[in-house]
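Trainee: I am new to this structure and would love a close look at one part of it: how do its helices pack against each other, and what surrounds them? Please take me through it slowly.

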Amino acid sequence: MCGIVGFSSRSVSACGPLVNGLRRLEYRGYDSAGVALASERDIRVFKRTGKVAELDRLLNAELPENERSTYTLGIAHTRWATHGLPTEVNAHPHVADGGNLALVHNGIIENYAALRAKLEARGCVFVSQTDTEVLAQLVATFDRGDLLSAVSQALKQVEGTYGIAVISRRHPGEMVVARKGSPLVIGVGENATIVASDVSAIVSHTRQVIYLKDGDVARVLPEGVDVFTLDNVPVSREMQEVEWDAGAAEKGGFEHFMLKEIFEQPETLRNTIRGRLDRVDGTSVLAGLNLPPRDLASIRRAVIIGCGTSLHAAMVGKYLFESLADLPTSPEQAAEFRYCNPIIGPSDWAVAVSQSGETADTLAAVRESIGKGALVSAICNVVGSTIAREAGRGVYLHAGPEISVASTKAFTSQVTVLLMMALKLGRTRRLSREEGLRLCEEIGGLPDKVGEVLKENDRIAAIAAKYAEAEDMFFLGRGILYPTALEGALKVKEISYVHAEGYQAAELKHGPIALLGEHTPVVALLNDIPGKEKTIGNVQECRARRAPVVGVVTAGDDDAARHCNDVIVVPRTSAACAPIVTAVALQLFAYHLARIRGCEIDQPRNLAKSVTVE
């Protein structure tokens, strides 16, 4: 992985659209970039480690403007290293057939070593350490004049996941793309067709797109697209319109995408909530679940599945489902769930949480749950994503594109959707209409509450500046705020490279307290909800070891504030809504910490936005 762009036209140079497409995908995280440009005469490949800007400089130096018009077909890639070091040799595109065929690939070919050994025995010479070059060489061995057939035959020998784009000098104007477990979307314009692993690379050209499904192979021409199975059977794929335009993926005057997305949260929460609260019956309206009250009432256990930030949202969901609906709920890390032979069946409800809807481990968990007969739903942000399609029911976040690698607005929207699910579940079980109405009003007021947190931005920045030289931090939370402490620590780790750990507040004294001292700040979540007094006791333990404490405190709660060295103020909410306002405050703290430390905030090292490999 990480990013793929392909472009096919009869008259427009592919160079500009490919490089600009890669720029749109930079947020996904990568370590090298490359393009392959094809004409009837040759294929030219350009690669650079580092940023897309370095690749662009190489193209400007080595490909004169008057030559670019002859290259109207091309593929491009940003690589997040899996097999082999991040070097130019290992960067994509990879070539075969004496340089006449080029290929880019997201995913992992699990049997690449065995395939490589067979190809080497036939005389193929490899120059890289990658699994992708094996695939390029394999396709070339099957090319007998039909590129689509060659790709299909090669992929039948492959074990693993892939999203690929292939071009050949021997097939002018034609690109073949295929997917299995790694997303590909095709944008269809008037005079050109563009392929990408994410719609953000497409929307500046067209908003008419085709989402490929697993097992699809497509022949892409300037005039349009034909889609087939691996057995060359034609299939129909619906054309869809992307809901947002290219402007939604711009910084809009903010220094970083992350800050923009933090400040978008009042609006993204309004979009998540809009039309989903029933203020007559005190429940939520989640039509995408397609679950009538009788079906909801028959569920005996919920399993909420996710990775990273989505797992933290799932952990909040446990508290919401159990406290509001008396439904036993287990949050599960998706990779562990898949391989632990989970006990799940027809009376269980599996809820998969994934911003991208393409997370490989979460998708595998969805398939495992379906295979064991469980009821399955998805919470995703990307319309048409694989998890959303395969689950068949669920709720979209409507949070818009999230460009920064560190998730912010998706997390608060995920928790809000889980809260509305819990409300709906509760009304089928134990929650009274009056309680439901009160919760509806509080959910509806969340955008304004988040707006109040954002007004504290300057104050939070000043607090972050005091601790910017710290190399270790602890985040403490209790009850429903424990997952929020984990999420706060994750944000600090992701973008500031500070070693930060989140703990259930009581757990600190069972070992980690040995690490506390005057240079180890502790961020304590002291919202005025049940459990606060116990957490204050844990704060006193920290201060007794001279650790400075930053408290997240409810406005007006002087009692909690007096136990802290510094205070971040959040508005008063119930326990159910506390994780949302608190998370926004911690996002700002992490952002300013990273900014002051001079870190690469939107594209932190070693990270990728959409994790499409296991």
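Mentor: Here is a walk through three helix pairs, followed by a few single residues around them. This is a predicted model, in which local features need pLDDT of at least 70 and side-chain atom pairs count only at pLDDT 80 or more, while totals for chains, interfaces and linings use all residues. Residues are numbered from 1 along each chain as its sequence is written, and side-chain values use heavy atoms, with hydrogens and water left out.

Let us begin with α18 and α21. Helices here are DSSP runs of H or I with at least four residues, strands are runs of E with at least two, and both are numbered from the N terminus. Helix α18 (residues 482-496) packs against helix α21 (residues 578-596) at about 20 degrees, and their axes are 9 Å apart. Such axes are lines fitted to C-alpha atoms, for helices over the stretch in contact, with angles from 0 to 180 degrees between N-to-C directions. The two helices are therefore roughly parallel (under 35 degrees; over 145 is roughly antiparallel, 65 to 115 roughly perpendicular, and the rest oblique). Their crossing is right-handed, a term for a near helix turned clockwise from the far one by less than a right angle, with anticlockwise being left-handed. On the α18 side, the contact (heavy atoms within 4.5 Å) includes Gly488, Lys491 and Val492, and on the α21 side it includes Leu586, Phe589 and Tyr591. By class, ten residues of this contact are nonpolar, four polar and one charged. In that count, Ala, Val, Leu, Ile, Met, Phe, Trp, Tyr, Cys and Pro are nonpolar, Asp, Glu, Lys and Arg are charged, and the others, Gly among them, are polar.

Tyr591 also leads us to a loop residue. Glutamate 255 sits in the loop between β15 (239-241) and α7 (257-263). Beyond its neighbours within four places in sequence, glutamate 255 touches Tyr591 and Arg595. Glutamate 255 and arginine 595 are 340 residues apart along the chain, yet their C-alpha atoms are separated by 9.8 Å.

Now for a second pair. The axes of helix α5 (residues 132-142) and helix α6 (residues 147-155) come within 8 Å and cross at roughly 125 degrees. α5 and α6 are therefore oblique to each other, and their crossing is right-handed. Among the residues in contact are Leu135 and Phe142 of α5, together with Val151 and Gln153 of α6. This contact has nine nonpolar residues, one polar and no charged.

The third pair is α1 (residues 15-24) and α2 (residues 52-62), which pack at about 165 degrees with axes 10 Å apart. That angle makes α1 roughly antiparallel to α2. Their crossing is left-handed. Cys15 and Arg23 of α1 take part in the contact, as do Asp56 and Leu59 of α2. Six of the contact residues are nonpolar, none polar and two charged.

Finally, some buried residues. Serine 413 lies in helix α14 (residues 409-427) and is buried, with a relative accessible area of 0% (buried is under 20%, exposed over 50%, partly exposed in between, using a 1.4 Å probe and protein chains only). Leaving aside neighbours within four places in sequence, serine 413 contacts Thr268, Leu269, Thr272, Leu397 and Ala399. Cysteine 440 is buried too, at 0%. Its sulfur is 11 Å from the closest cysteine sulfur, in cysteine 577, so the two are too far apart for a bond. The whole structure has zero disulfides, meaning pairs of cysteine sulfur atoms within 2.5 Å.
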